[in-house]
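Reader: Hello! I am new to this structure and would like a close look at one part of it. Could you start there and then show me what surrounds it?

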Amino acid sequence: MGFAFLHRHRGSTAYLLLAPGMLFLTVFFLVPLGFLAYQSLESGSIDFGYAFTWSWHNYSGAISGYGKQFKRSFAYAGIATVIALLVSYPVAYWIAFRGGRWKNLLLLCIVAPFFVTYLIRTLAWQTILSDNGLVVRTLIDLHILSPGGRLLATGTAVVAGITYNFLPFMALPLYVSLEQIDHTLIEAAEDLYASKWRAFFRVTFPLSLPGVVAGTLLTFIPAAGDFINAQLLGSTTNHMIGNVINSKYNELIDYPAAAAMSFILMAIILALVLIYARAVGSEKLTG
Amino acid sequence: MSTAEVTLPRGRAGASALAKVWAFVRRHVLTVYSLLFFGYLMLPIGVVIAFSFNHPRGRFNYTWRGFTWDNWLHWNSVAGIQSAIVLSLEIALFASIAATALGTLIALALVRYGFRGRGTTNLIIFLPLSTPEIVLGASLATLFLHSASYGLSIPFGFWTILIAHIMFCISFAVVTVKARLIGFDRHLEEAAMDLGANEWTTFRKVTLPLIAPAILAALLLCFAISVDDFVVTYFNAGNRVTFPIFVWGAARVATPPQINVIGTAIFAVAVSCMLGNVFIQNRRSKGA
């Protein structure tokens, strides 16, 4: 329905609406990925320039030279994703089921912190976790941290930063899927003598799985490519693959190596997403 | 019940108050937990705001040295900060308008029309959202680097930043407007056409006002994402400095409290806009 020009040229109107945006995305998103692929097979040096030589050793070099950073990226991203899920699920549940007329305001509270510039937020964590800050002193007093111990420049700080910075990507999809659950289904389970916990694990949680899947992907993918948290909260021993790509591209001007690493990063993410989709059922991914 | 409480000795009364608190906590575990969670979310924000009033000694703004208004009064006294903010706002303004326009058209096509290539279109919209920013940034920069060898030299600067921002905002705009269009009652449009309105009038007088909140939401979202972006911008900025790039540079050598002032100001403006949106939505849903 809709527009008259549509009744006459049903197909062509759709394409006219799509054309400008899709053209933009093709030229500035898809084509650049092609250029990146091309560049990942170049060889040469900053001084003499790079030329295309089918240089596959950029890939093998990236894996043998930076395997540690790759592993660390996925480990940090994985841990942060799991923590984010555990931490934000109860809150998403609380807003969806008990929020009442405050729902919108509570959601705003979840999103609000993320209107402080990402880098400034992360610098604030630098202040909070600093060596003579309250958190470190308390942990030392509780003997959780040995005297002189620190949080800054450790993997813990990096994971904590990543967890915090990507929380809304987890909490919002969780809320959306919990909010859509038909409450009568849960009541039915309880009428049939399921305990509250049993009703939750057999009815509520399975129904919220689309949100769990969306949330974990939306958190894990950007987290795996992140380098800001590792840069500001970690030390060089906590560097992730994003740090390497950034320094290769922007500081060492070693474009082919950075390009190859970007593709390996994308390939691993894609593989993990596919495995994950298999495990939870692919219809949950798109639905 | 009240007589029983009165006859309790004092020590027991204290214990029962504690027990009451404990009973409350147990009954409202979820509420208590959620409030703690919100405290955790707001903690860094509190730090950012508080340290915008700090009077730091030395180059870094990490320890509290006393209260001052100076940073707010002289928010632009740090070299380069004002031009960085202006650039960020310009880019965000143009990028959000362009991305929302392109995204709204795509959303209309996706929801309203059946056409061949839908799946591919959906995939191309979804892909930028699921690609790590560093890959988006590096690949776009590679395009611009290679553009010279195709006789079309695009120097890094304002335009490359703008293109980058439009690119990663489009998908967010599509998703936002699409969500609203799906729940849209088409009978309203049919009614307008039955009453003799032509398609363009129907679009202007019925469709557009109904999806206007979604378009506004998309604009605000794109603006917020654009102002905040560091990674993609960093790869494509050349020697231009947006506000996040300014902060990145500052984090290495010196962090003036003016950074916190600007961070607080952006936060305040964004939250006011969101609050306004929430209130308008609440009023609308009451009116409907």
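What covers the buried residues of α13(A)?

Author: Happy to help! Before we start, this is a predicted model, in which local features need pLDDT of at least 70, side-chain atom pairs count only at pLDDT 80 or more, and totals for chains, interfaces and linings use all residues. Residues are numbered from 1 along each chain as its sequence is written, while chains are lettered from A and ligands numbered from 1 in the order in which they are written.

The cover of the buried residues of α13(A) includes α3, α12 (228–233) and α14 (255–280) of chain A, together with α7 (133–147) and α11 (231–236) of chain B. Helices here are DSSP runs of H or I with at least four residues, strands are runs of E with at least two, and both are numbered from the N terminus. "Buried" has a cut-off too: 20 or more other C-beta atoms, placed from the backbone, lie within 10 Å of the residue's own, while 12 or fewer make it exposed and anything in between partly exposed.

Helix α13 of chain A runs over residues 241–251, and eight of its 11 residues are buried. They are A:Ile241, A:Gly242, A:Asn243, A:Val244, A:Ile245, A:Asn246, A:Lys248 and A:Tyr249. Just past this helix comes A:Ile253, with a positive phi near 50°.

Now let's cross to chain B. B:Ala138 is in contact (C-beta atoms, placed from the backbone, within 7 Å) with several residues beyond its neighbours within four places in sequence, including A:Ile245 and A:Tyr249. The other partners are A:Leu36, A:Ala258, A:Ala259, A:Ser262 and B:Phe235. B:Ala138 is also one of the residues with the most contacts inside the largest nonpolar core, which has 147 residues; A:Ala92, A:Met261 and B:Ile106 are the others named there. A nonpolar core is a set of buried Ala, Val, Leu, Ile, Met, Phe, Trp, Tyr and Cys residues joined through C-beta atoms within 7 Å. The element that gives the most to this core is helix α5 (residues 81–112) of chain B, with 15 residues.

Here is the wider setting. Chain A holds 15 helices and two strands, and its C-alpha trace spans about 75 × 75 × 35 Å along the principal axes. Of its 287 residues, 43% are buried. Chain B has 13 helices and zero strands. Its radius of gyration is 26 Å, well over the 19 Å that the globule rule gives for 288 residues, so chain B is more spread out than a compact globule. That radius is taken over C-alpha atoms, and the rule is 2.2 Å times the number of residues to the power 0.38. The C-alpha atoms of chain B fill a box of roughly 90 × 65 × 35 Å along the principal axes, and buried residues make up 38% of the chain.

Another helix of chain B has a bend you can look for. Helix α3 (residues 29–51) of chain B has 23 residues and reaches 33 Å from its first C-alpha to its last, close to the 33 Å expected at 1.5 Å a residue; the expected span is 1.5 Å times one less than the number of residues. A kink of about 35° lies at B:Met42, shortly before the proline B:Pro44. The bend is the angle between axes fitted to the seven residues ending at a residue and the seven starting there. B:Pro44 is among the buried residues of α3(B), as are B:Leu41 and B:Ile45.

Back in chain A, A:Ala223 lies in helix α11 (residues 209–224). A:Ala223 is buried, with 27 other C-beta atoms within 10 Å. Its contacts beyond near sequence neighbours include A:Thr81 and A:Phe166; A:Thr81 is 142 residues away in sequence, yet 8.2 Å away in space, C-alpha to C-alpha.

Last, a word on confidence. The predictor's confidence in each residue, pLDDT, runs from 0 to 100; its mean over chain A is 89, and 94% of the residues reach 70 or more. Among the elements of chain A, helix α1 (residues 4–8) has the lowest mean, 44, and helix α7 (residues 155–165) the highest, 96. Over residues 1–9 of chain A the value is below 50. Where pLDDT is low, the predicted coordinates should not be read in detail.

Definitions and conventions: Two residues are in contact if their C-beta atoms, placed from the backbone, lie within 7 Å.
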